[in-house]
Amino acid sequence: MEFAVCEGAVLPEFVRQVTQSDINRYAEASGDYNPIHIDAAFAATTAMKGTIAHGMLVLAFMSEMLARAFGDAWDESGQLSTKFRSPARPGDTLTVSGKVESLHDDSDIVLATCSIVCRNQADEVVVSGEARVRIPASV
Amino acid sequence: MPVAYDELTSGHEFPPVNYVLDAGTVLAYAEAAGSEWREHVPPLAVAARAIASLGGLVSLPAGTIHVAQDFEFYRVVPVGARVTCSARVLRKLARGGVRLLTLEMDIKDESGAPVQKGRSTIVLPEA
């Protein structure tokens, strides 16, 4: 764990520029080949006016930030509740940030509740939500 | 065969889908997400294939929007693991022009132990 877990602690940010190559790779990993994500010609004819990243790819960025902050405790016991606010497009630079809002002691486990948000380079919210993770009290 | 929205009811259960989280899949995920390599499969890599499989279970029109997503992780699985995803309709709302669907999925490993649970809420365009 790379930061001291306490109420008000700010999680280390995760910054990632979205590329069409990333989106294509995510399509391979997920099997989601919806043309809105990978077919520029098709996507240009839609209301989106171009390809957009899978919402789940943005959540992957958020999960990565939480994994770097909380280590395996995140992968083994994390809870994520999110709302998609706006699309992410190739070329966007996304910044995922978070803050420990509360800590709840439960014998040898501490439940950390964090607010999390992903914003683009224009400071627009792409995804917002809450994460909870159970961490050993000794950490 | 995908089921049309109009044919779905709350509680509808879809046939389970199973898949292998092989090294190629996990590597593609890690490259796309900027994920640090670890011995187990990142939980969102487990979920990626499950969420995509939901799209094959329900016939969704163009313009369908994924508006919310929740997860609970219970355990990790190693690279190469086979998992099974069982999905059901948790909530269906069709009122006025709004058509909303919340799907719940349970992912288990080969021993039947829970790996993670997810809830996806989507909004369909007006018919």
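Here are five short exercises, each with a worked solution, on the predicted model shown above.

**Exercise 1. Getting to know chain B**

Find out how many helices and strands chain B has, and decide whether its radius of gyration agrees with that of a compact globule.

*Solution.*
- Step 1: Start by counting. Chain B contains two helices and seven strands.
- Step 2: Put these elements in order. Along the sequence they follow the pattern β-β-α-α-β-β-β-β-β.
- Step 3: Turn to the overall dimensions. Along the principal axes, the C-alpha atoms of chain B fill a box of roughly 50 × 30 × 25 Å.
- Step 4: Make the comparison. A compact globule of 127 residues would have a radius of gyration near 14 Å, and chain B has 15 Å, so the two agree.
- Step 5: Look at the inside. In chain B, 36% of the 127 residues count as buried. Among its contacts with a separation of 6 or more, 75% join residues 24 or more positions apart.

**Exercise 2. A helix under cover**

Work out how the reach of helix H2 of chain B fits its number of residues, and whether the helix is mostly covered or uncovered.

*Solution.*
- Step 1: Locate the helix. H2(B) runs over residues 43-57, which makes 15 residues.
- Step 2: Compare its reach with what is expected. From first C-alpha to last, H2(B) spans 22 Å, close to the 21 Å expected at 1.5 Å a residue.
- Step 3: Check burial. Of the 15 residues in H2(B), 13 are buried, so the helix is mostly covered, given that a buried residue has 20 or more other C-beta atoms within 10 Å of its own.

**Exercise 3. Where the chains meet**

Describe the contact between chains A and B, and name the element of chain A that gives the most to it.

*Solution.*
- Step 1: Count both sides. Chain A provides 28 residues and chain B provides 28 residues.
- Step 2: List the elements of chain A that give two or more residues to this side. They are helix H1 (20-30), helix H4 (55-70), helix H5 (72-77) and strand S2 (79-84).
- Step 3: Pick the top contributor. H4(A) gives the most, with nine residues.
- Step 4: Sort the residues on the chain A side. Ten are nonpolar, nine polar and nine charged.
- Step 5: Look for strand pairing. S2(A) pairs with strand S4 (residues 65-73) of chain B in the antiparallel sense, over five bridges. A:Lys83 stands opposite B:Ala68 in S4(B).

**Exercise 4. The nonpolar core**

Find which residues of the largest nonpolar core touch the most other members.

*Solution.*
- Step 1: Recall the background. Nonpolar side chains tend to be buried together in soluble globular proteins.
- Step 2: Identify the residues. In this core of 72 residues, A:Val58, A:Phe61, A:Met62 and B:Val46 touch the most other members.
- Step 3: Ask which element gives the largest share. H4(A) does, with twelve residues.
- Step 4: Follow one residue. Beyond its neighbours within four places in sequence, A:Val58 has contacts that include A:Ala53, A:Leu94 and A:Cys118.

**Exercise 5. Two loop residues**

Decide whether A:Lys49 and A:Asp123 are buried or exposed.

*Solution.*
- Step 1: Place them. A:Lys49 lies in the loop between helix H3 (40-43) and H4 of chain A, while A:Asp123 is in the loop between strands S4 (109-119) and S5 (125-136) of chain A.
- Step 2: Read phi. The value is near 60° for A:Lys49 and near 70° for A:Asp123; each is positive in a residue other than glycine.
- Step 3: Apply the cut-off of 12 or fewer C-beta neighbours within 10 Å. A:Lys49 has 10, so it is exposed. A:Asp123 has 7, so it is exposed.

Technical notes
Residues numbered from 1 in each chain as written. Chains lettered and ligands numbered in written order. Predicted model: local features only at pLDDT ≥ 70, side-chain atom pairs only at ≥ 80, totals over all residues. Helix = DSSP H or I, 4+ residues; strand = E, 2+ residues; numbered from the N terminus. Expected span 1.5 Å × (residues − 1). Contact = placed C-beta atoms within 7 Å. Nonpolar A, V, L, I, M, F, W, Y, C, P; charged D, E, K, R; others polar. Pairing = 2+ DSSP bridges. Core = buried A, V, L, I, M, F, W, Y, C linked by C-beta atoms within 7 Å. Rg over C-alpha atoms; globule rule 2.2 N^0.38 Å.
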